[in-house]
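Colleague: I'm new to this one. Can you walk me through it?
Modeller: Sure, let's bring it up.

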Amino acid sequence: MLKAQDLTVLLGGREILRGVDFAAKPGEITAIVGPNGSGKTTLLRALTGDVGFSGDARIEGLDVARAKPWELAARRSVLSQFTGVAFPFTVAEIVHIGQSAGVRGAGSELTERALARVGLSGFGPRPYHDLSGGEQQRTQLARALAQVWDPVGGDGPNWLILDEPVASLDIAHQLEVMTLARDFARAGGGVVAVMHDLNLTAMFAQSVALLALGEIVTQGPVDDVFTDQNLSRAYACSLRVNTVPPAATYILPHAARA
Amino acid sequence: MVALADTTAASRAMTDRGQLARWVMLGLAAALILLCGFSLFVGATGVSPVALMIDLIAGRDIDLRARVVIMDIRLPRLALGLLVGASLAVSGVVMQGLFRNPLADPGLVGVSAGAGLGAILAIVLGGLLPSALGAAMGYALVPIAAFVGGWLSVMALYTVATRGGHTSVATMLLAGIALAALVGAVSGILIYLADDAQLRTLTFWGLGSLAGATWGKVLAAAPLMLIGIVGAPLLARGLNGLALGEATARHMGLDVQRLKRLAVLLVAAAVGAAVAVSGGIGFVGIVVPHLLRLSTGPDHRFLLINAALLGAIILIVADMIARVIVAPAELPIGIVMAIIGGPFFLWILLRRRGILEM
Ligand SMILES: Nc1ncnc2c1ncn2[C@@H]1O[C@H](COP(=O)(O)OP(=O)(O)O)[C@@H](O)[C@H]1O
Ligand SMILES: [Mg+2]
């Protein structure tokens, strides 16, 4: 279980998050959606202990504000929105660093499997800096995946915390990455992902938190949260939720505003 | 099946660089041992260690002069060269890892200058210490003062140039210039206070030289340098993690604050002691890591050890050049290193024009 209560985050003298309650269950993909600047990344950064906050945040009982970095690292891994790499490392080396810096012993076999999982088989020897943005992002995802490879460890579920994991990916790789997340969740792990694509979210997530202006508009099962009214209010534009046969939910911009 | 074949290629490539780095390590170690032997031959006086050995084995009386030259002049000088070269190269790697930038060289960004100020203060004002304390500290006073100076400069630099884990290269280099200018001014003032003997020490020291190495000097500075050289490889995994960014390093389970504190201390110890005994020898900390990253990659598990070896090699070669090129006189090694390192540094900048925009 990942649970945050009454999170308030102050950055640069501004309240970026105000009294946010957030919960995610293992076995599900929990998406965080909302307009640009609504505080999605900030919420993730609070959940991973990167920014100070008031309130309470726990991952599988671990107090995020107090736990040691290695205790948290054994439980969850993080894909940040932007990750710069200093020095000319190769793809395989980066994934390997993800395993060996933290808790688990490093094996090159796991590196290979993680790379294969994100569709980067054979990319191991390539210099990271020569890759396209999408390939770099998938490398980082493989690095995060290798850190908590088992969805369920000896002492409970592990967590993937992903900030816009499909942001610069083509449609095939979007599906590949979301399927990876779904498999991780179905095997008993927990996934929290910031998402921009509402249709992809509707396809893959079980639970959604809708964020606007630093506050939770509503959180719950996808079908409860994705209503015309909720989305139109949060995004401040007219949106309509529909289903195509056979009953897949999709969202189209309803009308361009004059 | 296809995936399986591809992934073994990935692991092979990764271990390939590791393998290469291991071979390079062996090669460098062998080269270093040969060079050490060779450097004992080279010098203003034509004393050969082989002749000395033969005399020893034959049970002949050993020529006293030969013994003094080898044991008390060349050997301490060689030891000092090894330690200083390794210290400067390793500090370069650690600083670059800490600042996440390949230009962060202790010499370029004012850390050597800060250490130098500590050393100058100790040389000039050391005499003012209560004589008992001064005597107790002896040769160790200058290295310790240089360590403190180096430590303060790294801290100042990090505070000025780094915000939220991101280093501004321009700020870092400009802060280095400011530090160096400040140090120059203070040294200028201190030179007025120095007596003749101190003045000679200062001038000699400022040019960067291994001449005048004595066992006393070596022993006083060796512990600090060894802390840097031996301690740095323990930070290898941490520095690898830090290369992916401070936040990511923390996400992977590293105690980033502790890592940074240790890195700063190691750099200060190694650079401080090296500067205290050899003055300002530049460029080792940038040339060596750069060559190694080009050939065997940036993995700190190999880079730190190989840098220690290659740094020692380069310094010993430079010292031999310094000893023979204007024989029977000799050049300060700092000048030799600047002649090699200056153009090399320009070449790095030429290759990577965008480096300052990073
Ligand atoms: N370090 C910071 N200092 C001040 N304001 C910040 C900082 N980080 C983010 N913000 C502001 O907080 C708001 C939310 O940012 P963020 O969580 O990144 O939004 P998003 O939902 O797009 O991920 C934005 O208005 C952003 O400008
Ligand atoms: Mg964001």
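Colleague: How much area do domain 1 and domain 2 of chain A bury between them?
Modeller: About 1200 Å², with 62% of it on carbon and sulfur atoms. Keep in mind that this is a predicted model.

Colleague: Which residues of domain 1 of chain A lose the most area to domain 2?
Modeller: A:Ala73, A:Glu176 and A:Leu180. Together they make up 37% of what that side buries.

Colleague: Where do the two domains of chain A run?
Modeller: The domain assignment puts domain 1 at 2-75 + 156-255. Domain 2 is 84-147. Their C-alpha centres lie 24 Å apart. Domain 1 of chain A brings 17 residues to the contact, and domain 2 of chain A brings 13.

Colleague: Switching to the metal. Which protein atoms are donors to the magnesium ion, ligand 2?
Modeller: OG1 of A:Thr41 and OE1 of A:Gln81. They lie 2.0 to 2.5 Å from the ion.

Colleague: Where in chain A do those two residues sit?
Modeller: A:Thr41 is in helix α1, residues 40-47. A:Gln81 is in the loop between β6 (76-79) and α3 (91-101). The two are 40 residues apart, so the pair links distant parts of the chain.

Colleague: Why does A:Thr41 count as partly exposed?
Modeller: Because its relative accessible area is 25%, and partly exposed covers values between 20% and 50%. A:Gln81 is also partly exposed, at 30%.

Colleague: Now chain B. What span does helix α9 reach?
Modeller: Helix α9 covers residues 215-231 and reaches 23 Å from its first C-alpha to its last. That is close to the 24 Å expected for its 17 residues.

Colleague: Where is the kink in α9(B)?
Modeller: At B:Ala222, with an angle of about 40°. The proline B:Pro223 comes shortly after.

Colleague: What do the buried residues of α9(B) pack against?
Modeller: Helices α3 (64-99), α6 (141-161), α12 (256-278) and α14 (300-324) of chain B. The buried residues include B:Val218, B:Leu224, B:Met225 and B:Ile229.

Colleague: And α13(B): how many of its 13 residues are buried?
Modeller: Ten, so the helix is largely enclosed by the rest of the structure. Among them are B:Val284, B:Pro289, B:His290 and B:Arg293.

Colleague: What span should α13(B) have?
Modeller: For residues 284-296 it should be 18 Å, and the end C-alpha atoms are 18 Å apart, which agrees.

Colleague: Which residue follows α13(B)?
Modeller: B:Gly297, and its phi is positive, near 90°.

Definitions and conventions:
Residues numbered from 1 in each chain as written. Chains lettered and ligands numbered in written order. Predicted model: local features only at pLDDT ≥ 70, side-chain atom pairs only at ≥ 80, totals over all residues. Heavy atoms only, no water. Donors = N, O, S within 2.8 Å, 3.2 Å for Na, K, Ca; no water. Helix = DSSP H or I, 4+ residues; strand = E, 2+ residues; numbered from the N terminus. Buried < 20%, exposed > 50% of the residue type's maximum accessible area, 1.4 Å probe, protein only. Expected span 1.5 Å × (residues − 1). Bend = angle between axes of the 7 residues up to and from the residue. Contact = heavy atoms within 4.5 Å. Domains from an automatic or database assignment. Buried area = accessible area lost by both parts, 1.4 Å probe.
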